[in-house]
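Biologist: Please take a close look at one part of this structure, a small sheet, and then describe what else can be said about the model.

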Amino acid sequence: MKRVSISFLFIVIACLTQAQILTPVKWKISLDDPGTAEKSILFTATIDKGWHLYDMNLPEGGPVSTSFNFEKVAGAEIIGSPTVSATPTTVYDELFAMNLRWYAGTVTFTQQFKVTDPAQFKLEGEVEFMACNDETCLPPERIEFAFDRKKITMTAVDEAPLVAEEDVTRVEPDIIVPDEDLEEALSPAPQKNSGGSNPESISKVTNNINLWEPVIEELRAYGDSAVSATDTSWLFIFFAGFLGGLIALLTPCVWPMIPMIVSFFLKRTKDRKKAIKDAVTYGISIIAIYLVMGLLITGIFGASALNDLSTNAIFNIIFFLLLVVFAISFFGAFELVLPASWTNKLDNKADSTTGIISIFFMSFTLVLVSFSCTGPIIGTLLVQAASMGNAVGPAVGMFGFALALSIPFSLFAIFSNMLQSMPKSGGWLNSVKVVLGFLELALALKFLSVADLAYGWRLLDREVFLVLWIVIFALLGMYLLGKLKFSHDSDLPYVSVPRLFMAIISFSFTIYMVPGLWGAPLKAISAFAPPLYTQDFNLYDNEVHAAFDDYEAGMAYAERTNKPVMIDFSGFGCVNCRKMEASVWTDPRVKSLLENDYVLITLFVDDKTKLPQPIEIEEYGKSRKLKTIGDKWSYLQRSKFGANAQPFYILLDASGKPLAPAYAYDEDVSNYIRFLEDGLRDFREKNK
């Protein structure tokens with residue numbers, strides 16, 4: 001995706017969902033037996049960080065509620081409804097236009113019942129639930145449970161009561177493979193069926209076993225997407241940090257210090273080699289300080305906690321206010337500096353110590369003195385590094401930032417004659433600061449938008465957001481041309497060529513956003529602007545809809561027309577699926593490929609339509625039932641492709657064989673087009 005301004009690179013979210021089985025919710029189902037007629041079943045859910053489990057009895061039209069269905073009750077009667085150990089989090093969801101309730105961490109549901117006939121006692125049922133995070137939703141899952149007379153104690157019946165047998169029936173989600181068996185279960189096998197299912201189970205679901213035959217190994221032959229995704233995110237955050245460091249160099253807090261500090265090192269000793277060595281050590285010390293800072297932040301809070309904060313409404317409001325304060329400071333209303341006593345103490349330490357320790361304190365002084373300019377850049381970098389869900393993301397980002405910041409000190413120390421050609425600090429540095437102020441103000445609105453959507457205030461709908469950005473970037477263009485001036489700005493006798501080109505970019509970006517007020521998708525800022533459905537006035541009508549919602553019917557049509565197939569595993573509650581449809585599928589080239597060159601099949605894994613009759617299958621050594629159409633498509637995704645997250649896109653020929661690696665959530669249109677064209681090319685090669 002192309003970016004219009006440099007600061008925007010810090011808020012790109014690369015959420016590449018990996019093709020793997022996700023199991024964020026673990027269930028422990030046990031019997032609480034006090035020895036009397038009234039007993040309880042405890043359903044305890046342990047939820048991974050960043051994920052949540054929906055509450056019971058959500059309104060119709062929303063995501064799947066957690067429910068406890070008792071299919072067989074003998075010798076007992078159910079008392080009331082389940083009670084919950086925690087208070088749910090309630091958030092208004094714009095997509096469903098309703099309040100949604102969910103739980104995070106650990107929650108226990110307690111269902112009471114009364115035993116009426118111990119000899120005939122039997123309880124059988126299942127828990128149905130749905131897990132989501134801020135990026136994706138998993139298809140609904142069912143966990144079966146059963147208790148019989150051997151599991152209970154009745155003091156009222158037996159004169160010599162038995163000691164209640166501790167019953168901790170641990171039930172894992174059906175698609176889970178035990179950790180020690182996971183590699184073996186997904187590793188190459190002699191038979192073609194390398195999923196967790198067997199041919200007998202597949203034959204119960206379909207008459208065309210070939211179409212359901214697992215192709216996990218064929219997908220792996222196209223390359224390991226998991227490794228490339230991780231490397232890409234690390235590389236991106238490193239270059240984002242490096243770019244941030246280059247920007248920080250151009251601020252009035254850092255740039256004037258370069259010749260001062262380098263000259264100090266060259267003058268403090270007559271040995272030029274030692275002076276250069278000290279300056280290089282100074283640069284390494286800067287890297288070490290920022291790197292340790294990134295590691296400490298990750299170590300104290302953890303990557304998951306930082307990721308939760310990056311999508312938390314309260315945190316986003318606080319960060320919005322901070323960025324506004326920084327922007328006002330950049331405009332010259334006041335100066336944000338850390339207490340002078342801190343800097344003075346470090347200066348004294350640098351003077352009173354010698355060797356590497358002295359150099360270290362001098363580098364720490366630079367970090368503190370430059371805080372007012374580097375703070376917003378570092379803060380934004382850390383938030384976005386953490387949002388990538390990578391434990392080393394903040395450290396990698398800070399390393400890139402510090403490396404860019406330290407390079408000039410080392411280079412100018414080695415080549416001291418370069419100091420003579422350095423641009424002198426002056427009004428141009430203040431202009432850089434003001435430009436950053438405009439960009440920080442625009443960036444602040446992104447964080448406010450997250451909170452606005454979370455609480456359903458509807459204060460920052462898409463058209464309001466766009467109006468504010470249009471005004472901000474128009475004012476930025478006027479400032480660059482000298483038509484807008486702040487009190488501390490120097491006179492601008494003429495407009496330089498760089499300022500002219502930056503003004504052209506700013507005004508062009510402003511005009512680009514204007515059609516968005518009438519519903520244009522504005523793909524370049526789709527990651528920043530509120531979703532299109534928040535806009536009241538929308539003239540845009542260019543959506544793509546699948547021709548088939550049945551796998552086998554779509555495959556039969558593809559065989560008749562000799563076309564490749566794209567299967568879109570989606571969900572009614574999948575927010576990122578809607579984002580892909582709005583920002584990627586509406587691209588003219590993508591739309592043309594999907595409608596003209598492919599047979600598009602969309603399969604909703606949370607479709608609650610009942611199957612004519614339940615289908616009992618065996619998966620990873622466990623028996624489970626497919627009861628709905630969504631169950632069937634979810635089983636297809638797991639058994640054939642070894643994945644269960646949405647969105648999930650896969651290209652096949654009419655026989656069900658893959659044509660390219662799978663594609664997950666990535667709003668880069670060029671990548672998606674490449675994905676479709678590669679599959680089309682492979683299909684044509686096979687048909688030659």
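Modeller: The model is predicted. A good place to begin is a single pair of residues: Met566 has Leu651, in strand S17, as its bridge partner. That bridge belongs to the pairing of S17 with strand S13, residues 565-570, which is antiparallel and runs over 5 bridges. These two strands are part of an open sheet of 3 strands, ordered S14-S13-S17, with mixed pairing. At the edges lie strand S14 (599-604) and strand S17 (648-652), each of which pairs on one side only. From one strand to the next, the twist averages 20°.

Helix H21 comes later in the chain, at residues 669-686. Its 18 residues should span 26 Å at 1.5 Å a residue, and because the end C-alpha atoms are 26 Å apart, the expected and computed values agree. The buried residues of H21 are Val669, Tyr672, Ile673, Phe675, Leu676, Gly679, Leu680, Asp682 and Phe683. An α-helix has 3.6 residues a turn, so residues three or four places apart point the same way. With that in mind, the list of buried positions can be read along the helix, for example Tyr672, Leu676 and Leu680, which are among them.

The last topic is empty space. Searching the whole structure gives 2 cavities of 30 Å³ or more. The second largest has a volume of about 30 Å³. Its lining consists of Glu128, Pro140, Arg142, Val605, Asp606, Asp607, Lys608, Thr628, Gly630 and Asp631. By type, the lining residues of this second largest cavity are 6 charged, 2 polar and 2 nonpolar.

Notes
Residues numbered from 1 in each chain as written. Predicted model: local features only at pLDDT ≥ 70, side-chain atom pairs only at ≥ 80, totals over all residues. Heavy atoms only, no water. Helix = DSSP H or I, 4+ residues; strand = E, 2+ residues; numbered from the N terminus. Expected span 1.5 Å × (residues − 1). Buried < 20%, exposed > 50% of the residue type's maximum accessible area, 1.4 Å probe, protein only. 1 Å grid on protein atoms, 1.4 Å probe; cavity = no way out; pocket = protein on both sides within 12 Å on 5 of 7 lines; lining within 4 Å. Points joined across faces, edges and corners; volume = space filled by probe spheres on them. Nonpolar A, V, L, I, M, F, W, Y, C, P; charged D, E, K, R; others polar. Pairing = 2+ DSSP bridges. Axes fitted to C-alpha atoms, helices over the stretch in contact; angles between N-to-C directions.
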